[in-house]
Amino acid sequence: YVYDMLMQGASYADEEDYLIWSNCDMIYFQDMFDNILEFDKIRKRDKLDKFILIGRRHDWMNPKILENFNKEEILKSVNMNPGQNIMIAKTESPKIELNLHAETGIDYIIHSKKTYFNNFNPNLVISGKGHDMMLIGICIVKGIYNCNISETNFVLHQNHNGEYKR
């Protein structure tokens, strides 16, 4: 159950902690921490106890083993593609082939311990596709502070649809 998972995670957190709901096929960089540290100033100034930070992902069309996780080094090898593609493609390219996912491609939500407490039906099971949008929708309907960090949080999504040959 989604609510139970969120409450279990929150049970380990202190009031000032940040929690992250994330799909497991995402790669995060220092940007994630930098965004949290910058937002923490707003959180304290405005005394926000409920909030979400969300952002778009970059779909990685030809995922392979990374030699290092230095964002600047990775970006030197990136080829940005127009449009959207969540399929494995361009596997022969020596570049890291990316495209920016649609705005609905969130896959991570940074939130507080209290953001979801008593805010939705505890009997809701994981719905597969769309559970991240449901969690965002709850916050919008409830008027919970939300911030789009797409421009400052570079995130890779490892595509996994389609046939992939090594």
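**Group meeting: two charged residues and a sheet**

Okay, let's start with Lys-44: its relative accessibility is 53%, so it counts as exposed, because the cut-off for that word is over 50%. Keep in mind, everyone, that what we're looking at is a predicted model.

Where does Lys-44 sit? You'll find Lys-44 in helix H2, which covers residues 30–45. Its side chain makes a polar contact with the side chain of Asp-40, at 2.9 Å. Now look at Glu-16: in sequence, 28 residues separate Glu-16 from Lys-44, but in space their C-alphas are 9.3 Å apart.

Next up, Asp-25. Asp-25 is in a loop, with strand E1 (19–22) on one side and strand E2 (26–27) on the other. Is Asp-25 buried or exposed? Asp-25 is buried, and yet it has no salt bridge. Which side chain of opposite charge is nearest to Asp-25? That's Arg-57, and it is 6.2 Å away. If you skip the neighbours within four places in sequence, Asp-25 is in contact with Leu-156, His-157, Gln-158 and His-160.

Last stop, the sheet. Here we've got an open sheet of five strands, and the order goes E2-E9-E4-E6-E5, with mixed pairing. At the edges are E2 and strand E5 (78–80), each pairing on one side only. A quick reminder for the newcomers: strands in a sheet pair through backbone hydrogen bonds, and they can do that parallel or antiparallel. Strand E4 (residues 58–60) and strand E6 (residues 96–100) run antiparallel, joined by three bridges. Want one to find on screen? Go to His-58, whose bridge partner in E6 is Leu-100.

Definitions and conventions. Residues numbered from 1 in each chain as written. Predicted model: local features only at pLDDT ≥ 70, side-chain atom pairs only at ≥ 80, totals over all residues. Heavy atoms only, no water. Helix = DSSP H or I, 4+ residues; strand = E, 2+ residues; numbered from the N terminus. Buried < 20%, exposed > 50% of the residue type's maximum accessible area, 1.4 Å probe, protein only. Polar contact = N/O pair within 3.5 Å; in protein donor to acceptor, adjacent residues only side chain to side chain. Lys, Arg positive; Asp, Glu negative; His and termini not counted. Salt bridge = Lys/Arg side-chain N within 4 Å of Asp/Glu carboxyl O. Contact = heavy atoms within 4.5 Å. Pairing = 2+ DSSP bridges.
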